[in-house]
Amino acid sequence: MFLKYGVSIMDKDLLSGFIINEFSSGEIREKYFPMICQGGVADYSEMVHSIGLNYITQIGRTIEDVVSISECPVIQENKVPREIRADSIWFERNNFKPVLISEFERYENTRTKKTKVREKAENLLIAYHQLNRDLQVVLYVTWGIGLAVPQEMDSIKALLIDGFQFKGAWLSGIDSGKTSLLIFHAIASNVEGKLVFNRWVRIH
C-alpha cells in the first residue's frame with residue numbers, strides 16, 4: 001500500500017514541517033528504503049548518493065498534488081548563468097510549478113569534498129534565483145560517517161542565508177518570509193562494514 005498525505009504544498013511552513021517530521025520519524029524512509037535503516041548499504045561508488053536523493057524524491061511522491069523528479073535540470077526563468085541539475089525537484093501537479101529544490105551531498109574532511117559541499121550549496125542558491133526566488137522550500141542534506149556535525153556547516157548555512165559573490169555580483173540569500181530553508185546532516189553508522197542512517201540532524 002502506498003503512503004499518501006494531504007499536505008498544503010502552498011504553505012511553506014506546513015510543507016517544511018512535514019519534511020522535518022519525516023526526517024525525525026523515518027516513516028517513509030523505513031517503508032521505501034529499509035536497507036538504510038536496518039541492514040545497511042555498502043559504501044560503494046554513488047550508492048548512498050543514489051538512495052539519498054531518491055529518498056528525498058520519494059518524500060515528495062507521498063504528498064498529494066506533488067510530482068517529484070530526481071536529478072532534474074532547472075528550467076531557468078531568470079537567467080543566472082550556470083546550468084543546474086538538482087538532485088530532487090518537487091512540482092505542483094496542476095501547473096508543474098517548482099515548490100521545492102534539494103541537494104544531497106557527502107561531507108568528508110578533505111579539501112575536494114569541502115569544495116563540493118560548498119558548490120552544491122551555491123547551486124541551490126543559484127537555482128533559487130533562476131526560479132525567480134519563488135519556491136516554498138529549499139532543502140540541503142549533507143551526510144557523513146561519524147558522530148558529529150561538521151563545523152563547516154556553519155559557513156554553508158551562512159552562505160544560503162546571507163548570499164555570496166557570484167560572477168562579480170552579490171547573489172542574495174534566501175528570503176525566509178517567502179521560502180523555508182532546511183539544512184540537515186545525516187549521520188551514518190558503520191555496522192559490520194555497511195552504513196545505516198538513523199540520525200538526521202537539523203542544522204537550520
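This report describes the salt bridges and the cysteines of one protein chain, as they appear in a predicted model.

**Salt bridges in the model**

Side chains of opposite charge can pair when their charged atoms come close. In this structure the count comes to 10 salt bridges, and the table below sets out three of them, each with the distance between the closest nitrogen and oxygen atoms.

| Positive residue | Negative residue | Closest N to O distance |
|---|---|---|
| Arg82 | Glu122 | 3.7 Å |
| Lys114 | Glu152 | 3.0 Å |
| Lys116 | Glu119 | 3.6 Å |

The salt bridge between Arg82 and Glu122, with its closest N and O atoms 3.7 Å apart, links distant parts of the chain, for Arg82 sits in the loop between β1 (66-73) and β2 (85-92), while Glu122 belongs to helix α4 (residues 111-130), 40 residues apart from it. The two partners also differ in how they are classed by accessibility: Arg82 counts as partly exposed, at 27% relative accessibility, whereas Glu122 is buried, with a relative accessible area of 13%, a value that falls under the 20% limit for buried residues.

Helix α4 also takes part in the pairing of Lys114 with Glu152, whose closest N and O atoms are 3.0 Å apart. Because Lys114 lies in helix α4 and Glu152 in the loop between β4 (137-145) and α5 (153-162), this salt bridge ties together parts of the chain that are 38 residues apart in sequence. Here Lys114 is partly exposed, at 29% relative accessibility, and Glu152 is likewise partly exposed, with a relative accessible area of 30%.

The salt bridge between Lys116 and Glu119, at 3.6 Å from N to O, lies within helix α4, where the two residues are 3 positions apart and therefore separated by about one helical turn. Lys116 is partly exposed, with a relative accessible area of 33%, and Glu119 is partly exposed as well, with a relative accessible area of 32%.

Salt bridges can also share residues, and in this model Asp43, Arg106 and Glu108 are linked in a network of them.

**Cysteines**

Turning to sulfur, a search of the whole structure finds 0 disulfides. Two of the cysteines can nevertheless be described by their accessibility: Cys37 is buried, with a relative accessible area of 9%, and Cys72 is also buried, with a relative accessible area of 8%.

Definitions and conventions:
Residues are numbered from 1 along each chain as its sequence is written. This is a predicted model: local features need pLDDT of at least 70, side-chain atom pairs count only at pLDDT 80 or more; totals for chains, interfaces and linings use all residues. Side-chain values use heavy atoms; hydrogens and water are left out. A salt bridge is a side-chain nitrogen of Lys or Arg within 4 Å of a carboxyl oxygen of Asp or Glu. Helices (H or I, at least four residues) and strands (E, at least two) are DSSP runs, numbered from the N terminus. Buried means under 20% relative accessible area, exposed over 50%, partly exposed in between (1.4 Å probe, protein chains only). A disulfide is a pair of cysteine sulfur atoms within 2.5 Å.
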